[in-house]
Amino acid sequence: MSTEALARLAEERVDHRFKGLPPDADGLTVGELAAQRRNLFTDGFTTPVLALSAERLEHNLTLMETYAARHGLAFAPHGKTSMAPQLFRRQTERGAWGITLAVPHQVRVARAFGVARVFLANELVDPAALRWIAAELTADPDFRFVCYVDSVRGVELMGEALAGTARPVDVVVELAAGEGARTGVRTEAECAAVADAVAAEPALRLVGVAGYEGEVPRATPERVRAWLRRLVALAVDFDEARRFSGVDEVVVSAGGSAWFDAVADVFAELPGLSVPVLKLLRSGAYVSHDDGHYRELTPFNRVPEEGALEPAFRLWTQVVSRPSAEQAFVNAGKRDAAYDLDLPIAQAVRRNGVERPATGVEVTALSDQHAWLRTAPGADLEVGDWLGLGLSHPCTSFDKWQLIPLAQADGTVVDYIRTFF
């Protein structure tokens, strides 16, 4: 990745654009503010403020690096989770093959920061975006780009937009996870037709197969593994039919954040092909994990001997109203907290520098700028208290904050993570 582009992030000025930062930091660069190592709780940060745990982030990065290596998987974590180039760098430093992305804007962000390998988990048919990708491939011989194809029509549109380009665009046929699932080709016969269409387009090169097991209808371990075996069998069939002509390796890719254990198991069954296989895992939510949806779905619940991810986000809010013994309100709502999967979870109360569990406090609803709290009899909560909330769904949490303090356990802020959504 580009050291120079990443360094420029530290030169950005702190001002009103960034929520929760100390008002007296206006005009400082991000690097200058980070060098002050301010404390999240005592040095001027205003609520609401989202903090990312430095220790838990490091733990999660290490765990997934180790997991992928143990199971012989290449790793292209989904960057749409964080859209944070600083985290992309840390992921690639931990052995990631590249970064997975979903739409052209995200690829432009990644390229602006020097990401050398991008897996686009989508069919790309926008002519302007395709021409930009072609220009990037021409300008940088070391840039590797792979994207989905899931229809003959899509292949035709790609071929039209890329006609005459110097380097072909590498594509993988996306196998749908089943009837009623999201995108992808529904049957193996249709996959073959799409592969035939790719072979007829000189601007494209078929390099593998892929899909997303998280869309398997009525998912169970057995149903997910059955679909993954279909994906592996498709790669074998394509190889036997010599559809991967001229490639140095075949890409076989799957893996969200809920079933990567099944991906590891089934990909281990993949027989040898005519060329080496890049078994590419794409899980992204692990980087911060969460306190709700992914806490319940993580495969580490099924394989606890392999470790456990740790939720790294906490949204600090402040009690601004206590209208009754049963109710209270804090100053963070839908503009600040992820709520598309689960409501935030009250975790900790801070008062006069002392932190304790938020016993008897429950978030029941969110308004734009308030969280509604139900308080049990005896719950010790006062106006002015800081309330720490756990969040569900990492992608939406990152999406709501442009500059996120990276804080150590004692509250010392050691860096600021810039996002680009």
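**Strand β9, its sheet, and two residues elsewhere**

Strand β9 is mostly tucked away, with 4 of its 5 residues buried. That picture, like everything below, comes from a predicted model. One neighbour of β9 is β8, and these two strands pair in the parallel sense over 5 bridges. Within this pairing, Val250 sits opposite Val277 of β9. To get from β8 to β9, the chain passes through helix α10 (residues 260-267), and the resulting β-α-β crossover is right-handed.

On to the other partner. Strand β9 (residues 277-281) is also joined to β2 by 2 bridges, and here too the two strands run parallel. Phe75 has Leu281 in β9 as its bridge partner. Helix α9 (residues 221-240) packs on the sheet as well, where it touches β6 (169-174), β7 (204-210) and β8 (250-254). The direction of helix α9 makes an angle of about 145 degrees with that of β7.

What does the whole sheet look like? As a general point, strands of a sheet pair through backbone hydrogen bonds, and the pairing can be parallel or antiparallel. Here, 8 strands make up an open sheet with parallel pairing, and reading across it gives the order β2-β9-β8-β7-β6-β5-β4-β3. The edges are taken by β2 (74-75) and β3 (99-101); each has a single partner strand, so one side of each is left without a neighbour in the sheet.

Now for Ile345, which belongs to strand β12 (residues 345-351). Is Ile345 buried or partly exposed? Its relative accessibility is 31%, so it counts as partly exposed, since the buried class is kept for values under 20%. Setting aside neighbours within four places in sequence, Ile345 is in contact with Asp291, Arg295, Gly388, Leu389 and Gly390. Phe113, by contrast, is a long way off: Ile345 and Phe113 are 232 residues apart in sequence, and their C-alpha atoms are 35 Å apart in space.

Thr412 is found in a loop, the one between β17 (403-407) and β18 (413-418). Being in a loop doesn't leave Thr412 out in the open: with a relative accessible area of 14%, Thr412 is buried. What surrounds Thr412? Not counting residues up to four places away in sequence, Thr412 touches Arg37, Arg38, Asn39, Leu406 and Ala407. There is also a polar contact, at 2.9 Å, between the side chains of Thr412 and Asp410.

Technical notes. Residues are numbered from 1 along each chain as its sequence is written. This is a predicted model: local features need pLDDT of at least 70, side-chain atom pairs count only at pLDDT 80 or more; totals for chains, interfaces and linings use all residues. Side-chain values use heavy atoms; hydrogens and water are left out. Buried means under 20% relative accessible area, exposed over 50%, partly exposed in between (1.4 Å probe, protein chains only). Contact means heavy atoms within 4.5 Å. Two strands pair if DSSP finds at least two bridges between them. Axes are lines fitted to C-alpha atoms, for helices over the stretch in contact, and angles run from 0 to 180 degrees between N-to-C directions. A polar contact is a pair of N or O atoms within 3.5 Å; within protein, one must be able to donate a hydrogen and the other to accept it, and residues adjacent in sequence count only if both atoms are side-chain atoms. A crossover is right-handed if, with the strands pointing away from the viewer, the path from the first strand over the helix to the second runs clockwise.
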